[in-house]
Amino acid sequence: MSLFSSLGASASGMTAERLRMDVVADNLANANTTRTPEGGPFRRRRVVFEPRADEGFGGALARARGADGGTGLGGVQVVAIVEDHAPPRRVYDPGHPDAGRDGYVSMPNIATVTEMVDMMSATRAYEANVAAVQAAKHMAMKALEIGRG
Amino acid sequence: MIGIVGPSLFSGNSTSAIDALGRALDAAALRQETVAANLANVSTPGYHRKDVAFAPLLDELLGRDALPLAGADPLHFSGEGAEAAEPPSVITDSSGAMRLDGNNVDPDAEAARLAETEITFAALTHALSAQFAGLRIAITGSVRG
């Protein structure tokens with residue numbers, strides 16, 4: 001039933017976008033964190049998306065037959081959450097407990113505007129997946145009405 | 001006397017129409033699946049959008065000489081409709097990356113495609129219901145069923 005596997009693809013998209021939102025929220029919450037267990041300021045985190053292989057019976061059958069991953073419509077998956085290696089923001093604040101000898105503090109490499117844009121992009125992508133779920137549901141209900149009346 | 005020995009209920013035009021509509025429903029469902037996969041990967045760098053190849057399939061079918069099956073009697077099956085039995089295939093559309101990350105999914109275009117597919121699917125289910133309603137009238141002999 002391809003309508004159900006399309007629901008799976010949309011669900012994977014929603015999971016991934018939600019995780020992206022979580023990471024953005026974490027970045028924003030730590031926008032001013034200068035101490036971490038690893039030492040140094042907090043580093044911005046980002047998610048890495050990758051297309052997911054076909055799940056379910058159709059995909060398993062295609063793989064067993066040696067075809068390359070079936071139709072390739074499995075949706076998306078988050079393969080990693082990586083740290084942004086951009087250098088920390090240097091702020092002159094001699095009174096800060098984490099200030100260096102030169103009076104500069106290493107602040108997290110987080111640009112609030114970038115995070116806000118990322119957040120909006122994740123929201124819109126989530127909504128697009130919701131629309132796809134609604135359509136799949138509507139189509140499945142329509143299919144159930146075949147032959148009635 | 002031809003009229004009396006006409007095509008039977010389950011081998012006539014209505015059955016081939018039901019077959020064709022069923023395949024069209026499968027194709028529409030597959031298209032919805034590609035749209036869902038594209039929307040799920042709207043943020044995946046380097047992802048190329050998937051679509052269902054309808055037009056190449058149609059061209060292929062139109063270009064082919066659909067030879068009728070040989071029959072000893074004019075009432076034997078002509079094989080008409082059987083040439084459309086190939087399933088539609090999923091293709092990867094790599095035309096022009098729109099974004100810097102190499103992803104060419106346009107959410108607006110996908111939303112339009114989603115609405116289009118949904119309406120097509122609903123229309124096909126209506127047509128299929130009408131076919132079954134016709135069969136029901138033929139079986140029961142009354143419009144009320």
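What follows is a short chat about the contact of chain A and chain B and the salt bridges of chain B.

User: Before we start, what kind of model is this, and how are residues and chains labelled?

Analyst: It's a predicted model, where local features need pLDDT of at least 70, side-chain atom pairs count only at pLDDT 80 or more, and totals for chains, interfaces and linings use all residues. Residues are numbered from 1 along each chain as its sequence is written, chains are lettered from A and ligands numbered from 1 in the order in which they are written, and side-chain values use heavy atoms, with hydrogens and water left out.

User: What makes up chain B?

Analyst: Three helices and two strands, running α-β-α-β-α from the N terminus on. Those are DSSP runs numbered from the N terminus: H or I with at least four residues for helices, E with at least two for strands.

User: Why is Arg31(B) called buried?

Analyst: Buried means under 20% relative accessible area, exposed means over 50%, and partly exposed is in between (1.4 Å probe, protein chains only). Arg31(B) has 14% relative accessibility, so it counts as buried. Glu116(B), at 45%, counts as partly exposed. Across chain B, buried residues make up 32% of the 145 residues.

User: How do you know that Glu116(B) and Arg31(B) form a salt bridge?

Analyst: The rule asks for a side-chain nitrogen of Lys or Arg within 4 Å of a carboxyl oxygen of Asp or Glu. Here the closest N and O atoms are 3.3 Å apart, and the pair counts as a salt bridge. Glu116(B) sits in helix α3 of chain B and Arg31(B) in helix α1 of chain B, so the pair ties together parts 85 residues apart in sequence.

User: What other salt bridge does Arg31(B) make, and at what N to O distance?

Analyst: One with Asp51(B), at 3.5 Å. That pair links distant parts of the chain too: Asp51(B) is in strand β1 (residues 49–53) and Arg31(B) in helix α1, 20 residues apart. Asp51(B) also meets Arg49(B) in a salt bridge at 3.0 Å, N to O, and both Arg49(B) and Asp51(B) are buried.

User: Which residues does the network of salt bridges link?

Analyst: Arg31(B), Arg49(B), Asp51(B), Asp93(B), Glu110(B), Arg113(B) and Glu116(B). Over all chains the count comes to 16 salt bridges.

User: How many salt bridges are there between chain B and chain A?

Analyst: Zero. What the rule does find across that interface is 10 residue pairs in polar contact, both at pLDDT 80 or more. A polar contact is a pair of N or O atoms within 3.5 Å; within protein, one must be able to donate a hydrogen and the other to accept it, and residues adjacent in sequence count only if both atoms are side-chain atoms.

User: What makes the two chains count as touching?

Analyst: Contact means heavy atoms within 4.5 Å, and 30 residues from chain B and 34 residues from chain A take part.

User: What makes up the largest nonpolar core?

Analyst: A nonpolar core is a set of buried Ala, Val, Leu, Ile, Met, Phe, Trp, Tyr and Cys residues joined through side-chain atoms within 4.5 Å. The largest has 12 residues in all, including Leu3(A), Met139(A), Ile18(B) and Phe121(B). Its largest share, five residues, comes from α1(B). Ala28(B), one of the 12, touches Met139(A), Thr117(B), Phe121(B) and Leu124(B), not counting residues up to four places away in sequence.
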